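Please walk through this model with the protein–DNA contacts in view, and then turn to the packing of two helices.

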2 protein chains.
Amino acid sequence: MSGIHLNDREPTMREVAALAGVSLKTVSRVINQEAGVSSELNERVQNAVRQLNYQPNTTASNLRRADQRTATIGLILDDVSNPFSSVLHRAIEDVASQHRTLVFAGSSGDDPKREEELILALAARRVDGLITVPASRASGELKQLQRLGKPVVFVDRLATIHTADSVTVDNRAGGSAAVRHLAAHGHQRIAFLGDIHDLWTAAERYLGYVEGLAMAGLRLDPSLVRQDVRNMETAEQAVLELLARENAPSALFTAQNLITIGAIHALQRMGRQHQMALIGFDDFLLADLLDPRVSVIAQDPARLGRLAAELLFARLGGDTRPTQQIVLPTRLIARGSGEIPIT
Amino acid sequence: MSGIHLNDREPTMREVAALAGVSLKTVSRVINQEAGVSSELNERVQNAVRQLNYQPNTTASNLRRADQRTATIGLILDDVSNPFSSVLHRAIEDVASQHRTLVFAGSSGDDPKREEELILALAARRVDGLITVPASRASGELKQLQRLGKPVVFVDRLATIHTADSVTVDNRAGGSAAVRHLAAHGHQRIAFLGDIHDLWTAAERYLGYVEGLAMAGLRLDPSLVRQDVRNMETAEQAVLELLARENAPSALFTAQNLITIGAIHALQRMGRQHQMALIGFDDFLLADLLDPRVSVIAQDPARLGRLAAELLFARLGGDTRPTQQIVLPTRLIARGSGEIPIT
DNA sequence: TGATAGAATGACAACGTTGTCATTGACTAA
DNA sequence: TTAGTCAATGACAACGTTGTCATTCTATCA
């Protein structure tokens, strides 16, 4: 047998009405549970619905509806398969489902082009609102967002637009704390490995790194800074290079979850995991089972997602308060790798 | 300033037409890049579109369109934040984006009720097709799926419906191989820890476990079987209990990624990770950096997702070949934990 | 009894778009 | 010149639903 194929056409309210012997509008009333339908007609319509296997067509409904609601929101992440992003996604979905809303999820891959495509595609489908981890900070995308004319919430990262709510963590304080923690254990040569420098989080964490160095009275050595590290593999490569230098760092601050994991690969490959101190930004599964256990600046992605979604649905519910810029604290979890003293 | 709010109404083709001084239909032709519009009118319409910031309304478009396509598919996973699921998701998204299609992603939480809600919500939005990791195998959901009247592809798990394509891995062979591998290292008391027993994958892997024991000539001891292990925490608890038994197992076969991680937590907590052999089903990030390195039955979730999406889009493209039941092999990756000999 | 209120139901238009078909006008061939 | 062809354009209906308003019917009150 071949795959399930399209019906000629799905049953419509009109057909239900005909079968039940009532008007189209009465069927509409029953489907939408409006008051003022006699229980007899109600019954007849329900039966016809069951008999025909009628399924409401939200698409047609929301075309006509006054509020223009599609019960659909858009979510643009950098990568749905990144552990951080996917936890964010799940938290948002949970809030959305309480509002009987479905979520379009897409990965921008941190590519402004793809991001814009996604925004346009979501706009064309008339999502009620958008939650996004913005890839670009430029105003080109800002215009696109505003064209949407729908509530927008930034999560995890900010963009240069002040007419939107946002939920982020204090990346700078986190980065600074990581560096000072390492300095407190005697490290003076602390390397920084960060994501694409144009990303807001990467930039903020770098700023935190610089501030932390300054607060600890340490000199910033540009040769210990590796920006635009895109993934685990390049992170591993970058750390291998740092280790091979004649004037190698004694500690690493890896400013993103996959970069941290790449760095650990490099350290273990060279058998240096017990000499080189390491603090990663963002906690990850199994960080507490590695040897040494990995110290991190932890965020709570589930909370970020939940708050972002709640902000969005508050707007959809008519909330017109001034835009909120929620900033959550980070938490340094000392597990061992960040407490390796200088040798 | 308060959050971005809804425009009174978004510009329509009618307004564009008025501004450009052409008919509605001509605007439609320009937007859809149909042939037969003079370059002069084309120009005028394009200008009007820009001027008004017109955004096409796919929702209205596909209501009228003959093919009834929404350029939207549904994806139901057990949990979008599970590492396995999220990689699957990303692979599907990548294929979908090549077809200019957006993906509705939802988590069933392996709850048939929630799964059915999602199916209905997707049906109401008239998705072009559905890819699902089915939670329930019963026909109640089967009917719902068929009501959709749209192509459905099962991925990772099967359900009792033979009119759909599917992409799965050979769970039974994988489970069997894991057990025989452990047996070959001298283990006779091999425990099984699996997900909800009603899930197709969990059942198949258990079957593989039983077959593997039989092939190795080992006796099945029901007291070494823990089914319905729902998450990391219960897995950890279950392993702790197994370790405390007077007749404890000498090896574990953990039949799902999070169960494996929970088990590792328990083993490390008790300091038994170097005595107790362990093979997990499904590979995971950092498995190769733990001590001992974790042996696994690896699948390729990205490939599963890609194939599933390609099957779906083939159907949408008119492919009417018999349904395909693709079964991919698994691969045993021996890293150490599965090769710990019996003491 | 007749007037009136109120509840139940339905007719019809409209949402923003595309499919169908008619109309216009320019160009070609006999 | 005239018939015929073809390309460009537009008028109109339709997709499946909901909002508005009119109509019908029953119950209630003076």
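**Contacts with the DNA strands**

In this predicted model, a backbone N or O atom of B:Ser23 sits 3.1 Å from a phosphate oxygen of DNA strand D. A polar side-chain atom of B:Thr26 also lies by a phosphate oxygen of strand D, at 2.4 Å. Chain A contributes as well: an N or O atom in the side chain of A:Asn32 is 2.7 Å from a phosphate oxygen of DNA strand D. The elements that give two or more residues to the surface near this strand are α1 (13-20), α2 (24-31) and α4 (58-64) of chain A, together with α2 (24-31) and α4 (58-64) of chain B. Of these, α4(A) gives the most, with four residues.

Around DNA strand D there are 26 residues, and those that come nearest are A:Ser28, A:Tyr54, B:Thr26, B:Arg29 and B:Arg64. Of the atoms of strand D that come within 4 Å of the protein, sugar and phosphate account for 59%. By class, the surface near strand D has nine nonpolar, nine polar and eight charged residues.

DNA strand C is likewise surrounded by 26 residues, the closest being A:Thr26, A:Arg29, A:Ser38, A:Arg64 and B:Tyr54. Sugar or phosphate makes up 59% of the atoms of strand C within 4 Å of the protein, and the rest belong to bases. One contact to a base is made by B:Ala60, where a backbone N or O atom lies 3.4 Å from a base nitrogen of DNA strand C. The phosphates of strand C are met by B:Ser28, with a side-chain N or O atom 2.6 Å from a phosphate oxygen, and by B:Asn57, with a backbone N or O atom 3.5 Å from one. Two or more residues each come from α2 and α4 of chain A and from α1, α2 and α4 of chain B. Here α4(B) gives the most, with four residues. The surface near strand C has nine nonpolar, nine polar and eight charged residues.

Helix α1 of chain B, one of the elements on the surface near strand C, also packs against helix α3 (residues 39-52) of chain B. The angle is about 120° and the axes are 9 Å apart, so α1(B) and α3(B) are oblique to each other. Their crossing is right-handed. From α1(B), the residues B:Glu15, B:Val16, B:Leu19 and B:Ala20 meet B:Arg44, B:Val45, B:Ala48, B:Val49, B:Gln51 and B:Leu52 of α3(B). Sorted by class, the residues of this contact are seven nonpolar, one polar and two charged.

Notes: Residues are numbered from 1 along each chain as its sequence is written. Chains are lettered from A and ligands numbered from 1 in the order in which they are written. This is a predicted model: local features need pLDDT of at least 70, side-chain atom pairs count only at pLDDT 80 or more; totals for chains, interfaces and linings use all residues. Side-chain values use heavy atoms; hydrogens and water are left out. Axes are lines fitted to C-alpha atoms, for helices over the stretch in contact, and angles run from 0 to 180 degrees between N-to-C directions. Angles under 35 degrees count as roughly parallel, over 145 as roughly antiparallel, 65 to 115 as roughly perpendicular and the rest as oblique. A crossing is left-handed if the near helix is turned anticlockwise from the far one by less than a right angle, and right-handed if clockwise. Contact means heavy atoms within 4.5 Å. Ala, Val, Leu, Ile, Met, Phe, Trp, Tyr, Cys and Pro count as nonpolar, Asp, Glu, Lys and Arg as charged, and the others, Gly among them, as polar. A residue is near a molecule or strand if one of its heavy atoms lies within 4 Å of it. A polar contact is a pair of N or O atoms within 3.5 Å; within protein, one must be able to donate a hydrogen and the other to accept it, and residues adjacent in sequence count only if both atoms are side-chain atoms.
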